[in-house]
Amino acid sequence: MSACRVPRRRVTRRRMLLPAAGAAVAAVLLSACGSGGTSGGSEQTKFVQGKDGVDTVKPADRQPVPDISGESTKGKHLDIADYKGKVVVLNIWGSWCAPCIAEAPNFAKVANETKDKGVQFLGINTRDSKKTQAVSFEEQHKVPYPSLYDPMGKQMLRFPKGSLNPQAIPTTIAIDRKGRIAARALTPLSENELRKMIDPLIAEK
């Protein structure tokens, strides 16, 4: 499934105040949504691209997840650091994104079935101009986990260069129990693909 187009938003004032950040966000959103996003491993990045589109990193080469925190779609404070000790599955999505809609039932099902195994799903909602759009999506698809509200895509820019950083919408990032970035998918995931992504992390001690 191809990635989706990013809807236009009025961000003139922010673009004037933060030109560098705005350009970086645009590069992330437009390049990834146009192609679905692909990347390969190298000595610099130290990650390996799997045949199923999931990039992985060996434990010794994993980088710490950055500070991902802020207000949720429902107005509550949300901080990824609060879930250290659990396997965290971070999904970046938008209510306007067709692949996000397609994978939503898979994420809801796996989130419900793995919570007793020490897995916490979280989301980052991006490019929705109103929280009501995001909340409506969550209610319609019975999303059982919280999401940060990030209309300008600033959270995505916090990931370190050379890490398994977000490059598409949707992007899914798996974080190990020690708070390190362990795997990434730049395409929508089936239920089976999602389980294959996180099962090895659940098994890690």
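Contact here means heavy atoms within 4.5 Å. Keep in mind that this is a predicted model.

**Exercise 1.** Work out where Asn 91 sits, whether it is buried or exposed, and what its side chain pairs with.

*Solution.*
1. Start with the strands: Asn 91 belongs to strand 5, which covers residues 87–93.
2. Next, check accessibility. Asn 91 has a relative accessible area of 4%, and the cut-off for buried is under 20%, so Asn 91 counts as buried.
3. Now list its contacts, skipping neighbours within four places in sequence: Glu 103, Phe 107, Leu 122, Gly 123, Ile 124, Pro 170, Thr 171 and Thr 172.
4. Finally, look at the side chains: those of Asn 91 and Thr 172 are joined by a polar contact of 3.0 Å.

**Exercise 2.** Pro 170 turned up among the contacts of Asn 91. Find which loop holds Pro 170, and say whether the peptide bond leading into it from Ile 169 is cis or trans.

*Solution.*
1. Pro 170 lies in the loop that runs between strand 7 (147–150) and strand 8 (171–175).
2. Going from Ile 169 to Pro 170, omega is near 5 degrees, and the bond is cis.

**Exercise 3.** Take Arg 127 and Lys 142, and give the phi, the loop and the burial for each.

*Solution.*
1. Arg 127 is not a glycine, yet its phi is positive, about 65 degrees.
2. Arg 127 falls in the loop between strand 6 (119–126) and helix 4 (131–140). At 11% relative accessible area, Arg 127 is buried.
3. Lys 142, also not a glycine, has a positive phi of about 55 degrees.
4. Its loop links helix 4 and strand 7. With 67% relative accessible area, Lys 142 is exposed.

Conventions: Residues numbered from 1 in each chain as written. Predicted model: local features only at pLDDT ≥ 70, side-chain atom pairs only at ≥ 80, totals over all residues. Heavy atoms only, no water. Helix = DSSP H or I, 4+ residues; strand = E, 2+ residues; numbered from the N terminus. Buried < 20%, exposed > 50% of the residue type's maximum accessible area, 1.4 Å probe, protein only. Polar contact = N/O pair within 3.5 Å; in protein donor to acceptor, adjacent residues only side chain to side chain.
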